[in-house]
Amino acid sequence: MILSVDGVSKSFGSLKAVNNVSFEIKKGRICGFLGPNGAGKTTLIRMIMDIYTPDQGRVTLAPDLTDHDRKNQIGYLPEVRGLYTKAKVRETLLYFARLKGLSKQKSVEHTDFFLERLHMQDVANQKIEKLSKGNQQKIQVIAAMVAKPPLLILDEPFSGLDPVNIKMVSDLITELCAEGVSIVLSTHQMNQAETFCHDILLFNKGTLILSGEMGAVIEQFSGNVLMLETSDEIPPSPLYRLIGREGKVSRIELAEDITVQALLHWLVWSGVDTHSLQPYRVPLSDIFIQEVSRHETR
Ligand SMILES: Nc1ncnc2c1ncn2[C@@H]1O[C@H](COP(=O)(O)OP(=O)(O)OP(=O)(O)O)[C@@H](O)[C@H]1O
């Protein structure tokens, strides 16, 4: 565990923006903060960053990180970007690295490493205001990670980036994670979250409504559903329920107690010309919509 949030709440007037939320961020993993607009993600992040004080509850960093200088232990890419745009790219990054306590030499090393990794060496001596929106975003991302802190909180790191830059930034995030950096990623892009978050926390109206390891969550929501590719339409069978068919692929739900092996035997026995059979993975965006709607109608 690198960060623990215990029973944290925060209200603005009569609005409960965050309501009794508890979770832990595990070391060396990427955790997706998901939820519709106004779910309370930013308010929660601001409490983690000590920008807001919780009305109730506690935010604690791992005991091996000193809690009194929490801001130095966490790299933060805020939702509202705020770089001094008249300053030059490299100077700004060196400044951020020094601000986080890095030595002069380390600041130079880290700054040049990240500029190179995100293909920004050519603009290193330009003023930030001269950069394109995407390049300004990449500088913001580097500013958050330049000190390689043990915990990184990135609010919409892909916003305004084209697919090539999204890949470049996501590769960098994955690489930092492999080096042991823990990452909290707040995003509305479910496909991005699904590709590379290890764990997810789904919020709605200030409440944590779903949490867990990504694979386990997807598996739980995918149920006993399979994708069966056949030449022709499949015959009805007590072994499964046909959910739908698109092209040559039928989506079927196995009946209770029926194994995949039993299905395969039956397909052969029935002479069904089977090309492939694989588990169905429900997209994270479907889980998001389903769970948020379920919570809304309660
Ligand atoms: N400083 C504030 N004063 C009053 N209300 C606020 C303040 N900050 C946030 N809120 C309200 O608290 C709720 C949660 O907002 P928050 O920005 O934390 O949500 P979010 O999940 O980050 O949303 P988004 O995905 O749109 O960024 C919203 O209803 C918002 O209007």
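Reader: What share of the 298 residues of the chain counts as buried, and what makes a residue buried?

Author: In this predicted model, 33% of the 298 residues count as buried. A residue is called buried because 20 or more other C-beta atoms lie within 10 Å of its own.

Reader: How do you know which parts of the chain the predictor is confident in?

Author: The confidence score, pLDDT, runs from 0 to 100. The chain averages 93, and 98% of the residues score at least 70. Confidence is lowest in helix 2 (residues 70-73), with a mean of 76, and highest in strand 8 (residues 199-204), at 98. For the model, the scores are ipTM 0.98 and pTM 0.89.

Reader: What makes helix 5 (residues 133-145) agree with the span expected at 1.5 Å a residue?

Author: The expected span is 1.5 Å times one less than the number of residues. Helix 5 has 13 residues and should therefore span 18 Å; its end C-alpha atoms lie 19 Å apart, which agrees.

Reader: Why is helix 5 called mostly covered?

Author: Of the 13 residues of helix 5, 10 are buried. Among them are N135, I139, V141 and M145. A residue counts as buried with 20 or more other C-beta atoms within 10 Å, so the description rests on that cut-off.

Reader: Which elements do the buried residues of helix 5 pack against?

Author: They pack against two strands, strand 5 (74-77) and strand 6 (151-155), and against helix 3 (89-99), helix 4 (104-117) and helix 6 (163-178). Contact here requires C-beta atoms within 7 Å.

Reader: What makes strand 10 (residues 225-230) and strand 12 (residues 249-254) a pair?

Author: Two strands pair if there are at least two bridges between them. Strand 10 and strand 12 are joined by 5 bridges and run antiparallel, so they satisfy the condition. As one instance, L228 has S250 in strand 12 as its bridge partner.

Reader: Why are strand 11 and strand 13 called edge strands?

Author: The open sheet has 4 strands in the order 11-12-10-13, with antiparallel pairing. Strand 11 (240-246) and strand 13 (274-279) each pair on one side only, and these are the edge strands. On average, neighbouring strands of this sheet are turned by 25 degrees against each other, direction ignored.

Reader: Which domains does the assignment give, and how far apart are their C-alpha centres?

Author: The domain assignment gives domain 1 (3-83 + 133-217) and domain 2 (224-281). Their C-alpha centres lie 40 Å apart. The C-alpha atoms of the chain fill a box of roughly 75 × 50 × 35 Å along the principal axes.

Conventions:
Residues numbered from 1 in each chain as written. Predicted model: local features only at pLDDT ≥ 70, side-chain atom pairs only at ≥ 80, totals over all residues. Axes fitted to C-alpha atoms, helices over the stretch in contact; angles between N-to-C directions. Domains from an automatic or database assignment. Buried ≥ 20, exposed ≤ 12 C-beta atoms within 10 Å, placed from the backbone.
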